[in-house]
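Let's take a walk through this one, going from how some helices pack to the open spaces beside them. Have the viewer ready and follow along.

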Amino acid sequence: MSISSEHRSLGKQVTSSLQTLSPIVELNIGGEVYTTTLSTLKKHPGSKLAEMFTGQPKLRTDSEGRFFIDRPGTYFKYILEYLRSNQVPTQCIQDVYKEALFYDIEPLVKQLEDSPQIFGEVVARKQFLAHVPNYNENIELMIRIARAEAVASRQSSVTVCVVRTEEDAAKCHDTLNSLDMDKKSVVKFGPWKATPSISDLLDCIKMDIEAKGYKISFQPHVTEKGFRIKSYVFFYKFLFTWW
């Protein structure tokens with residue numbers, strides 16, 4: 001190692017040590033620069049953020065000697081404002097919630113979870129979907145099927161069977177067994193033991209696929225040869241539009 005390289009390395013180490021001891025701390029959060037106090041960052045001792053600045057430096061520094069955290073810097077200002085004044089953010093709630101979870105600031109996480117945006121998503125919708133077997137896996141399966149059929153096509157469709165009870169699941173299973181081998185793949189959701197209806201689940205499927213950037217719509221499946229009339233009501237067609 002050259003003398004100049006040694007000096008630069010030593011300089012960074014000294015700067016890090018001084019910053020750790022100094023009450024004033026400069027941060028580089030994903031390219032956004034912030035200046036705050038060590039006591040602010042350590043306000044909640046059990047948090048991951050406080051742990052980063054407890055004892056010896058645990059973070060890398062940038063070329064200016066500022067502690068670097070590879071997270072979205074845009075939302076850190078809301079985290080910092082909460083630490084400074086206990087002000088719960090009212091903007092970018094979903095994104096701030098993700099950052100609060102990352103930094104493990106439990107009081108902020110709990111307050112955000114009480115907000116309508118997070119409460120509805122985490123407590124209501126997510127808890128419902130947790131009762132639907134293989135929900136996330138089925139969403140990914142739908143996307144894979146749609147993408148496989150998208151070659152030289154403007155749209156592709158995926159057939160879905162949605163059943164709420166074990167009895168309906170048996171009917172769906174019988175119907176699937178009666179289909180010809182060349183029928184499109186059918187993705188099955190359910191059954192589940194929770195209050196929300198089939199319509200609610202269909203809305204959730206659409207919402208979660210759209211959240212991944214896809215343009216999608218759905219409708220009841222048109223009766224085709226091979227579907228038993230009594231079981232037809234369980235089938236829906238999801239249409240992916242590519243361009």
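Start with a bit of vocabulary: angles under 35 degrees count as roughly parallel, over 145 as roughly antiparallel, 65 to 115 as roughly perpendicular, and the rest as oblique. Keep in mind that this is a predicted model.

Now pick out helix H8 (residues 135-148) and helix H10 (residues 198-210), whose axes come within 11 Å and cross at roughly 60 degrees. H8 and H10 are therefore oblique to each other. As for handedness, the crossing of H8 over H10 is right-handed. Who does the touching? On the H8 side you'll find Tyr135, Ile139 and Met142, and they meet Leu201, Cys204, Ile205, Asp208 and Ile209 in H10. Sorted by class, that contact has seven nonpolar residues, no polar ones and one charged.

Next, swing over to H5 and H7. Their axes come within 9 Å and cross at roughly 65 degrees, and H5 and H7 are therefore roughly perpendicular to each other. H5 also passes H7 in a right-handed crossing. Here Ile93, Gln94 and Tyr97 of H5 make the contact with Gln117, Ile118, Glu121 and Val122 of H7. The class split is four nonpolar, two polar and one charged.

With the helices in place, on to the empty space. Rolling a probe the size of a water molecule over the atoms shows where empty space is left. The largest pocket has a volume of about 260 Å³. Its lining includes Gln94, Tyr97, Ile118, Glu121 and Val122, along with Arg125, Met207 and Asp208. Helix H5 (93-103), helix H7 (116-129) and H10 are the elements that give two or more residues to this lining. Which of them gives the largest share? That would be H7, with five residues. By class, the lining of the largest pocket comes to six nonpolar, one polar and five charged residues.

The second largest pocket has a volume of about 170 Å³. Among the residues lining the second largest pocket are Lys126, Leu129, Tyr135, Asn136, Ile139, Glu140 and Asp208. H7 and H8 are the elements that give two or more residues to it, and H8 gives the most, with four. This lining has six nonpolar, one polar and four charged residues.

One residue to click on before you go is Asp208: it takes part in the contact of H8 with H10, lines the largest pocket and also lines the second largest pocket.

Methods:
Residues are numbered from 1 along each chain as its sequence is written. This is a predicted model: local features need pLDDT of at least 70, side-chain atom pairs count only at pLDDT 80 or more; totals for chains, interfaces and linings use all residues. Side-chain values use heavy atoms; hydrogens and water are left out. Axes are lines fitted to C-alpha atoms, for helices over the stretch in contact, and angles run from 0 to 180 degrees between N-to-C directions. A crossing is left-handed if the near helix is turned anticlockwise from the far one by less than a right angle, and right-handed if clockwise. Contact means heavy atoms within 4.5 Å. Ala, Val, Leu, Ile, Met, Phe, Trp, Tyr, Cys and Pro count as nonpolar, Asp, Glu, Lys and Arg as charged, and the others, Gly among them, as polar. On a 1 Å grid over the protein atoms alone, a cavity is a set of points where a 1.4 Å probe fits but cannot get out, and a pocket is an open set with protein on both sides within 12 Å along at least five of seven lines; lining residues have an atom within 4 Å of a point. Grid points are joined across faces, edges and corners, and a volume is the space filled by probe spheres set on the points.
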